[in-house]
Amino acid sequence: MDPYNKPQGPSPHYSLYQRELFANGPEGKLPSISSHPEKLQHDARKNLTDKGYWYSSSNAGLGWTHHANREAFYKHKIIPKTLQDTNTRDLTTEIFGHKIPAPIMFAPIGINKIYHPKGELAAATVAGELGLPYCLSTAASYSIEEVAEAHEKSASKKNESNSVNSYSGSKRELETSGPRFFQLYASQDSDVTESLLRRAWASGFDSVMITTDTPQLGLRMTDTDIANYAFYYGDLGNEMGLSDPVFMKKYGDDLKKDSSRWIDHSVWHGKPLTWEKVKDICKFWHELSGGRPFVLKGIQSVEDAETALSIGCDGIVVTNHAGRQVEGAVSSLEVLPDIAKAVGDKCTILFDSGIRTGSDIMKAIALGAHAVMIGRMWVWGLSAGEAGCRHVVRSLLADLDINMTVSGYRSLRDLKPTMLKYDPNGQLPAGLAEPSIM
């Protein structure tokens with residue numbers, strides 16, 4: 001690819017990353033980890049401990065919901081267009097007032113230290129460098145303030161490749177470090193919930209994403225087989241509680257005696273939220289932040305999407321928690337079109353569950369998502385450190401950019417349902433979805 005023939009338009013020249021990887025070959029420089037989803041998972045299996053690997057890879061029950069997520073993408077096939085001038089491309093989109101260079105967000109994932117000692121700090125740094133939205137989990141293994149600082153510093157950090165920030169338009173049109181989201185697991189104690197939200201707001205997290213589908217963990221048998229629950233093995237995963245003044249004042253003595261006090265009381269306590277409770281939290285956040293976005297994560301039906309809007313939510317995440325919560329559930333991509341038709345012009349729709357490739361992103365956008373969230377991909381990359389995380393995300397960006405180009409679509413706005421052909425009888429061939437057990 002000619003590096004001097006740069007495409008016009010506002011997007012970074014992501015596709016040049018492939019050329020960079022090829023050009024490094026003669027010098028013996030190869031990536032620290034694969035970007036191919038199946039090999040990436042295999043590499044992560046070698047890099048991580050059993051507990052680290054299975055925590056990232058386990059699914060609810062037999063993994064049928066996870067498989068359904070991947071099969072749904074397989075059933076939707078892109079119809080390429082030829083002889084299109086894709087030299088001018090636009091992958092940018094706007095999320096809650098933030099113009100970002102590509103429709104990809106870092107999904108909230110807890111206890112990142114089990115994947116690498118830098119944990120959330122590494123992921124936030126990569127997200128910041130690339131200008132992509134980063135979402136911090138309440139179950140994180142670093143404090144809100146530490147992650148915010150790492151993300152902020154990455155804004156001025158020089159990127160490894162000029163292709164990352166090669167904008168042909170004004171750089172001021174795009175985010176320098178990408179917006180920060182805070183994913184909330186609502187505590188049984190509203191004082192603790194409000195303390196977390198105040199800390200997030202003070203640390204520059206200007207949108208909240210409340211998870212509603214995980215009052216407790218789904219039964220993940222590959223985790224229970226090895227008693228894989230890091231929160232019961234010491235302070236790991238309790239950092240958010242240990243750093244919270246309200247929680248420590250009220251429950252600190254209990255936590256010192258029982259390391260499960262934070263996670264069992266304030267994160268996965270087994271007491272499902274109600275619409276009324278979420279409405280109260282939404283109201284508190286809007287008052288605290290001056291009306292900044294409040295997003296409901298865990299939507300799988302039109303009815304729930306419409307109810308979310310009726311109680312004041314500004315956006316939703318169409319997700320089944322990547323198949324980790326409800327066994328035998330509908331795939332997220334399958335329900336996305338109906339939800340988008342019902343509320344897509346009234347709120348921001350984010351999509352999560354099963355994204356692995358650039359074509360997956362194209363399909364989700366075509367069916368109504370405004371942006372997608374990736375999780376396991378960057379976590380598996382993180383098993384090779386910050387460089388591994390960066391490589392996986394840059395590869396995904398290149399994949400999206402290249403696939404848009406070669407299939408004849410110049411802009412995200414060109415991605416419509418009509419560009420897809422649906423095969424209701426399509427079955428994912430064996431080996432095309434990462435297995436539940438390795």
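# Worked exercises on a predicted model

Setting aside neighbours within four places in sequence, Ser-143 makes contact with Arg-199 and Ser-243. The model behind these exercises is a predicted one.

## Exercise 1: Placing Ser-143

Determine in which loop Ser-143 is found, and decide whether Ser-143 is buried or exposed.

Solution. Begin with the secondary structure: Ser-143 is found in the loop that runs between β5 (134–136) and α6 (144–154). Next take the relative accessible area, which is 8% for Ser-143; since buried means under 20%, Ser-143 is buried. Finally, add the contacts beyond four places in sequence, which are with Arg-199 and Ser-243.

## Exercise 2: The geometry of helix α10

Compare the expected span of helix α10 (residues 245–257) with the distance between its end C-alpha atoms, then find where α10 is kinked and which elements cover its buried residues.

Solution. Step one is the length: at 1.5 Å a residue, the 13 residues of α10 should span 18 Å, and the end C-alpha atoms are 18 Å apart, which agrees. Step two is the axis, where a kink of about 75° is centred on Tyr-251. Step three concerns burial, for Tyr-251 is buried in α10 together with Phe-247, Gly-252 and Leu-255. An α-helix has 3.6 residues a turn, so residues three or four places apart point the same way. The cover over the buried residues of α10 includes α7 (190–202), α9 (239–242) and α11 (261–267). Step four looks at the start of the helix, where a side-chain oxygen of Asp-244 comes to within 3.2 Å of the backbone nitrogen of Val-246.

## Exercise 3: Helix α17 and what follows

Apply the span test to helix α17 (residues 385–406), and establish how many of its residues are buried.

Solution. At 1.5 Å a residue, the 22 residues of α17 should span 32 Å, and the distance between the end C-alpha atoms is 32 Å, which agrees. Turning to burial, 16 of the 22 residues are buried, so α17 is largely enclosed by the rest of the structure. After α17 comes Gly-408, whose phi is positive, near 90°.

## Exercise 4: The nonpolar cores

State how many residues the largest nonpolar core has and which of them have the most contacts inside it, then list the contacts of Phe-182.

Solution. The largest nonpolar core has 108 residues, and those with the most contacts inside it are Phe-106, Phe-182, Ile-316, Phe-351 and Trp-378. Apart from this core lies another, of 13 residues, among them Met-105, Ala-107, Leu-350 and Met-373. For Phe-182, leaving aside neighbours within four places in sequence, the contacts include Cys-135, Leu-136, Ile-144, Leu-196, Phe-205, Val-208 and Met-240.

## Exercise 5: Classifying aromatic pairs

Classify the pair of Tyr-53 and Trp-54 and the pair of Phe-231 and Trp-268, and say which parts of the chain the second pair ties together.

Solution. A pair of aromatic rings is described by the distance of the centres and the angle of the planes. A search of the whole structure finds 14 aromatic pairs. For Tyr-53 and Trp-54 the values are 4.9 Å centre to centre and 70° between the planes, and the pair is edge-to-face. Tyr-53 counts as buried at 0% relative accessibility, and Trp-54 counts as buried at 9%. In the second pair, the ring centres of Phe-231 and Trp-268 are 5.3 Å apart with the planes at 80°, so this pair is also edge-to-face. Because Phe-231 lies in the loop between α8 (221–224) and α9, and Trp-268 in the loop between α11 and α12 (275–289), the pair ties together parts that are 37 residues apart in sequence. Both Phe-231 and Trp-268 are buried, and they belong to one aromatic cluster with Tyr-185, Tyr-229 and Tyr-232.

## Exercise 6: Positive phi outside glycine

Locate Leu-83 and Phe-96, and decide for each whether the residue is buried or exposed.

Solution. Leu-83 has a phi near 55°, a positive value in a residue other than glycine, and lies in the loop between β1 (76–78) and β2 (93–95). At 83% relative accessibility, Leu-83 counts as exposed. Phe-96 likewise has a positive phi, near 55°, and is found in the loop between β2 and β3 (98–100); with a relative accessible area of 12%, however, Phe-96 is buried.

Definitions and conventions: Residues numbered from 1 in each chain as written. Heavy atoms only, no water. Helix = DSSP H or I, 4+ residues; strand = E, 2+ residues; numbered from the N terminus. Expected span 1.5 Å × (residues − 1). Bend = angle between axes of the 7 residues up to and from the residue. Buried < 20%, exposed > 50% of the residue type's maximum accessible area, 1.4 Å probe, protein only. Contact = heavy atoms within 4.5 Å. Polar contact = N/O pair within 3.5 Å; in protein donor to acceptor, adjacent residues only side chain to side chain. Core = buried A, V, L, I, M, F, W, Y, C linked by side-chain atoms within 4.5 Å. Phe/Tyr/Trp six-rings, centres within 6.5 Å; stacked < 30°, edge-to-face > 60°.
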